[in-house]
Amino acid sequence: MSKIIEANNLTKIYGEKETSVTALDDINIEFRENEFTAIMGPSGSGKSTLLHCLAGLDRPSSGKIFLKGNDIATLNDKELTKIRRDSFGFIFQAFNLIPTLTAEENITLPASIAGRQPDLEWVKEVVETVDIADRLTHRPNELSGGQQQRVAAARAMATKPEVIFADEPSGNLDSKSSRELLTFMKSVVEELNQTIVMVTHDPYAASFAGRVVMLKDGRIASDLEKPTQEEIVAEVTALTNA
Amino acid sequence: MFGFTKRPLFLIAWKNLKTYPVRIFLTTSSIILGVAVIIASNIFSESNKSAFDNLFSGIYEGIDLVVQPVQEDFAQGFSGDGGQGPISFEVKKIPDEKIKEIQDLPGVRAAWGEVIGFAQFIKIVDGETVLLSNGFAPTFGTAWDSSEYAKQWTLLEGRAPLNKKEVVMDTVTAENFEFDIDDKVTVLAGATPATFTIVGIADSAFAAGGATFALFEFRTAQQLLDSTGEVNLINVVVEDNFDVTDVKNEITDIDSENLNVINAQEAAAEQADSIKQGLDFFNTILNVFAGIAIFVGAFIIQNTFRILLLQRTKELSLLRALGTSKRQIYRLVISESLFMSIIGSGLGIGLGIGLAVAVKEGLQYFELGLPDGPLVLTSEAAITGLIIGITVTILSSLLPARKASQVSPMEAIRDSVSTPRRKSLFTRLVIGIAVSSIGFIMLFGVLYDFLDLPTLSGLQQVGFGAGIVFVGISIITPSITKPFVFLFDRIYILIFGILGKLATENSKRTPRRTASTASALMIGLTLISLANVITTSFKAQAESLIGEVILADYQVGAANVFASPGIPTGLANELMELDEVTKLSRTRATVVGYNERPLILGAVDETVFDLVKTDDIAGTRKDFLKQNALGILKQTAEREELQIGDEVLLTIPEEGQLTFTVSYIFDWTTQPPAEFFVLLENSSFFSEESLDTELYFNVNEKSDVLEEKINSIVAEYPGVEIRDEEGLVEEANNQIQLLLNVIYGFLSISIFVALFGITNTLSLSVYERTREIGLMRAIGTYRKQIRRMIFIESSIISIFGAALGTGLGIFFAWSLIQTLADDGFTVFAVSISQTFMWIGISIIAGVIAAILPAIRASRQNILEAISYE
């Protein structure tokens, strides 16, 4: 499998001299095509910062980020925005949807702001996969939390992005909706050949991923291939107590 | 130990304001403006009043008594006109000998005569005659003060005029038109211009109003100003040890039938008073505009308060959680608004002073000379400004404060920006419809004659009705925001795609806010389009009238009716000698006495009936041609109850009483030059020295060559202007447009105030959508697109306000014109270009107002908006 996104010597320091906090400390990591990766770690481990930097939402203090071989860490805001729009998809913990737009309009929003006609065949396929075809004309406040997250997932998929970044996507959901969403995300990777990078603190959510990366104090603590939920729990416990 | 404060909420309120000066500015901006206009208008009128006081005490400085001739009864009402202007009639004067007689009375220290009349400075520039005047102020000629006691004029340079070739010029004119000592200047006094050498430049309280003054040697002045052997009045200085009243009586005793003696200082006060009343009227108009600004301001303050309080929901709810009562929160907000209003009103007073200075400088720049003098700010004005500012601010903050006090203590713990509760707009709609229906009934009641309220005139009823309709519509606006924006949906989505959709959706989301923001703009646009339609209609009316009633090819009249004596008769003779002139009519006028009252008697050529549209009411043109025949205007005949065949006794100056027979009653469809008419040929008392007031003439064929020829003849008569039909229409239009521009100027203040409202509303809208905008940025929306979205949203608000306002304004104007139909206003015309210009200006204003919120929105930190950790 080829590399899609890769971070070299990635460092992120917040604040000035004395009060500075190192959120990411010289991280080297790569994500491969068609892979579902979960990034885990205790609070303050830098997992969200890593996701934000990779996704072009935040800028690293130093280091490089390559998207298919092109460094995106040095791009200006406009170029970065274009990459987020055309190459990335996003699922956040909450407030994923524009309240004034219908589910359908939310799903096609990235295409709309790019001034492009969305690939309707593909959108239809995605919508069916996430099972919200009958809710398309509804506004977010008429949808359940689970439905909202599935619409967000559909939006993330709609532009056929290189990578989908998910930040605690199931954080606000009940266990049933959570399982449905994660199952869907897993099937997207397996059946529709997507790449997902997900930040979570929940070992259950992480167990849907094929790869789990553990962060601690801004460094990579471990990198597990196809771990079971028990293995993840054990690793988390070990890290927390270390 | 910790400090203890008895009034912690007061402290919090104060600290809040100290920490956020921008808030104070945003909230109070409209109050600052409103108070500033009140203060400025007040300073302006007060200063002018005090300047006029100074002026009149300056005019009468050192003089105790003024001796005036007793005018014939019927001329009294015209004494201010003193033989100026197009109507020439003989003003009584005092013979020179009386000066000596008065001088010889015991108790009189000095007595000297004053001569005053019309004199116009003329300059030849590139072969063209230019009449020198300062704005619309009159042009005077007078005698150089002949007494050592006269303090009215002060020489700044040079010396007094000594012979009939010398003149002294007032300093304002000398400065404006760059004249110096020893320069030659042409002066038109009487019918023929003459050239003089300027020997001095002088200043006086007289010149403060902008009038130009040519001061001649005493005898020269008498000659030039048609007062040989006479003076207009005599100034008297009384010896210190004599009583002024005693001397006054003595002088009256000389010739009580012909002399009227007045106390100079009392006269100064009286004359100043009458001018002050005029200024009060001007002040009232300014205050109305200030009121509009404040009314608009109240909307905006209320909105801004709501915005600020919403942004502080967390803080207030924390206070609630800590045990602060609702009442205390309410008081906290009110005391904040009290602080703000004091600061705002204070700034307003400061700005008002600045504004007054600017207006004064501006008027001086345009040479619209008002008397010079220091700017006066009365304590009453300052206090009024302060009270209005504070009251309006506090009243506008009551509702938002109430709402803020209802905040739940739980709000502090919740992690989301609260969205306003949606209350049904249905009640509002019903109330609004009810209110506006009342207004519509009142208004249409007049137009369609089914309702006539007692004690109100038709016009008043329409006015009140319109006001009530306006209030009703203001109540309805939130309910119609959605349907209105719906109209935009398709078009905006077509033009702007998804950004258009987002913007229209946002305007619908908070219909109340969108509506109240738009209302501020609506007020200004209503008044602007009202003014626009009324004036456009008047213009159209004037145009159709002039075309209909002026049958002549050309009209000749005074260039400046305030300053010109009329048209020398030579012009009419010269024109008649031209072969191309086929028909010409002259008009002259004089004041005569009829039934102990003054009336204007006009003398016309028979041809006037071919050149100006008149309608026969009774009798015919032929009857008018007889000796002693009198023509009467229709309305005068009705008023005086005169019929064909009635005998009319007129008192004619210097001629005595003459009897005429009413032989022709007609309707003069333009502005009539007189009420009674005689044929010029038959009237010997209109001497050849008289001046024509108007000439109308036709030519066989209009051509550029002929026009040039005519123009070159007219050019030899300074102060006279020739106009063809286009020129007349243009002149009427220019006057109307000038008035309109002044109104526009004042009303743009309200648009300016509305700008702040739009900025505030959009800022709030951006603040509430922090997450939404962050999300949009995260999934790849450019900053530019975010900005565009805010601009589009702002354009919706401004188009909404402008469209409503324009619609209402046009409707009100239509109603008004319908009401005035009986008074001859029949044309209703809308200037499409100006209407769209103002809608365009509103949209541009809206976009300008959106700049700051748009920049703020586009700079929104994405991570802050989407992070939860």
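What share of the 869 residues of chain B count as buried? In this predicted model, the figure comes to 45%. Chain A, with 242 residues, has 48% of them buried. As for secondary structure, chain B carries 24 helices and 25 strands, while chain A has nine helices and ten strands. Looking at contacts between residues at least 6 apart in sequence, 84% of those in chain B join residues at least 24 apart; for chain A, the corresponding figure is 70%.

Turning to the interior, the largest nonpolar core takes in 186 residues. Ile39(A), Leu54(A), Ala154(A) and Phe165(A) have the most contacts inside this core. Its largest share, though, is the 15 residues that come from helix α22 of chain B, which spans residues 783–819. The core also draws on two domains of chain B, with at least three residues from each of domain 1 (1–61 + 267–413) and domain 3 (424–549 + 724–869). A second core, separate from this one, has 60 residues, among them Val115(B), Ile201(B), Val231(B) and Ala264(B). Back in chain A, Leu54(A) touches Ile5(A), Ala7(A), Ile65(A), Phe165(A) and Val197(A), once its neighbours within four places in sequence are set aside.

Helix α22(B) turns up again in the helix packing. Its axis and that of α14(B), residues 511–549, come within 6 Å and cross at roughly 35 degrees, and the crossing is right-handed. Sorted by class, this contact has 20 nonpolar and twelve polar residues, with no charged ones. Helix α12(B), residues 458–496, packs on α22(B) too: here the axes come within 8 Å, with a crossing angle of roughly 145 degrees. This crossing is right-handed as well. On the α12(B) side the contact includes Leu459(B), Val462(B), Phe470(B), Ile473(B), Phe484(B), Phe488(B) and Phe496(B). The residues that α22(B) brings include Ile792(B), Ile796(B), Phe800(B), Leu804(B), Leu808(B) and Phe812(B). There are 17 nonpolar and four polar residues in the contact of α12(B) with α22(B), and again no charged ones.

Next comes the meeting of the two chains, where 21 residues of chain B are in contact with 23 residues of chain A. On the chain B side, two or more residues come from each of α13 (498–509), α21 (770–778), α22 and α24 (862–866). The largest share belongs to α13(B), with five residues. This side of chain B is mixed in class, with ten nonpolar, five polar and six charged residues.

Finally, a look at one residue, Lys184(B), which sits in strand β10 of chain B, residues 184–189. Is Lys184(B) buried or exposed? Lys184(B) is exposed, because just 11 other C-beta atoms lie within 10 Å, and a residue counts as exposed at 12 or fewer. Apart from neighbours within four places in sequence, Lys184(B) is in contact with Thr195(B) and Thr197(B). Val167(B), 17 residues away from Lys184(B) in sequence, lies 9.4 Å from it in space, C-alpha to C-alpha.

Methods:
Residues numbered from 1 in each chain as written. Chains lettered and ligands numbered in written order. Predicted model: local features only at pLDDT ≥ 70, side-chain atom pairs only at ≥ 80, totals over all residues. Core = buried A, V, L, I, M, F, W, Y, C linked by C-beta atoms within 7 Å. Buried ≥ 20, exposed ≤ 12 C-beta atoms within 10 Å, placed from the backbone. Helix = DSSP H or I, 4+ residues; strand = E, 2+ residues; numbered from the N terminus. Domains from an automatic or database assignment. Contact = placed C-beta atoms within 7 Å. Axes fitted to C-alpha atoms, helices over the stretch in contact; angles between N-to-C directions. Left-handed = near helix turned anticlockwise from the far one by under 90°. Nonpolar A, V, L, I, M, F, W, Y, C, P; charged D, E, K, R; others polar.
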